[in-house]
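Could you walk me through this protein, one selection at a time? I have it open in my viewer and would like to know what to click next.

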Amino acid sequence: MNVAIVGAGIAGLSTAWALNKAGHAVTLVEQAAAIPNPYAASGDQHRIIRRAYAGADGYARTITEAFAAWDELWTDLGQVHYKACGVMGISQIAGDEGEDYRDGLDRMGSPYALFEPAEAARRYPFLDPATFRYAYLSGEGGALFPARIAAGMVRLLRERGVTIREGAAVISVDPDSGALSFADGGRLAFDRIVVTAGAWTLRLLPELADALKTYRTGVVYLDPPDDLKPAWAAAPCIVDVGGTVDGYVLPAVDGTDLKLGAGVHKVPMAPDLDREPRPGEGEIIRDYFAPPFARIAEYGVKRVASCAYTFTADHKFLSRRTGRVLVVSACSGHGYKFGAAVGRRVAAAVESGDDAGLLAWLRAE
Ligand SMILES: Cc1cc2nc3c(=O)[nH]c(=O)nc-3n(C[C@H](O)[C@H](O)[C@H](O)COP(=O)(O)OP(=O)(O)OC[C@H]3O[C@@H](n4cnc5c(N)ncnc54)[C@H](O)[C@@H]3O)c2cc1C
């Protein structure tokens, strides 16, 4: 089959990888001048992969397949873009998200080490032991490196004969003819089209507004106080800092920077609006993290990045097919870790036509 993929985030790159391996002619189209698009969800330094899921046990189980798919990709790339630094959770108040993630690990029978506040602060001196109930460390997971993965995949796909068109914005898709229309007036036709357009999906397919909502958020890269730098360089990812801010942390591992982000910071927004960091935005994001971090005002703001992404109402992933067009949205703020597995599954569904099977897998049912 002659297949076009619209959008070269991790879902599009992985689908191109898997379809190419299955012997199909693949054209991957990206609106940004270069892959990865720094304004897309997959353009960042690092993302967490973890077994810990709160209520969503189906996704916790699917992590086994996610790791297997990354392993297949590392073999093809000849390089591993993952650091198994472990994943920590923290609970500040009974029933907070930090506790929910721990309950999820218990349900999976997945082991972790549990630390009283004093012991946690001894191991991780950036924590203020007076502000939380407990911390726990799961050995299963760590940091994936999206920008490096994208660069490696673009190289591999080109070597393997995939046509990659950067700086090519698609303005419409025709489910009946399989034609893509481009902003420059060009038009190309394919047997199948896979749309993996991330936060821009509604611009191409506004009928999905019943299912997808687009948000803007921001993350802050911080320069920790000098005496805490060694602790941060050896720290695990933090899936949730507890309390009410839905805060997560990526440590400064493997040449990356310390990064903090919080669910409470996101607001509904179209993907191209308000992309410059707002004055003082870095300090606002940083300050969500005290508690449980000590000395937060001593952390310097290095950089703020705005991010655009989509959510479904139940935070499950989505696919929908009309004619020759299959749309896939694996986000709701937790899709990167499944990226390589999503690509393999989407490619299999393009071949088999099993749309219901794909949707059931994406929803981790
Ligand atoms: C702040 C933040 C933190 C996150 N943390 C985690 C985490 O720790 N772990 C985790 O698993 N997940 C996390 N996620 C979610 C994860 O990043 C996303 O699920 C994943 O990156 C989505 O990839 P995608 O390929 O679907 O979309 P995107 O990466 O957004 O890619 C879509 C691509 O399509 C291109 N495009 C769009 N429209 C067109 C068009 N018309 N023509 C041509 N090209 C087009 C875009 O330019 C873009 O490159 C996080 C997301 C955010 C925003």
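Here is a short tour of the domains, the side where they touch, and the ligand.

Before you start, note that this is a predicted model, in which local features need pLDDT of at least 70, side-chain atom pairs count only at pLDDT 80 or more, and totals for chains, interfaces and linings use all residues. Residues are numbered from 1 along each chain as its sequence is written.

**Stop one: the domains.** Select 2–62, 146–209 and 315–362 and colour them as domain 1; then give 87–139 and 213–311 another colour as domain 2. These bounds come from an automatic or database domain assignment. Between the C-alpha centres of domain 1 and domain 2 there are 28 Å.

**Stop two: where they touch.** Here 23 residues of domain 1 are in contact with 26 residues of domain 2 (contact: C-beta atoms, placed from the backbone, within 7 Å). On the domain 1 side, select strand S3 (47–50), helix H2 (57–77) and helix H6 (201–204), which each supply at least two residues. Helices (H or I, at least four residues) and strands (E, at least two) are DSSP runs, numbered from the N terminus.

**Stop three: the ligand.** Which residues are closest to the ligand? Select Gly-7, Gly-9, Ser-42, Gly-198 and Gly-335, the closest of the 37 residues that surround the ligand (C-beta atom, placed from the backbone, within 6 Å). Next, show helix H1 (10–21), S3, strand S14 (213–223) and strand S19 (300–311), which give two or more residues each to this shell. H1 provides the largest share, 3 residues. Finally, colour by domain again: domain 1 and domain 2 each contribute at least three residues to the shell.

Note on methods:
Two residues are in contact if their C-beta atoms, placed from the backbone, lie within 7 Å.
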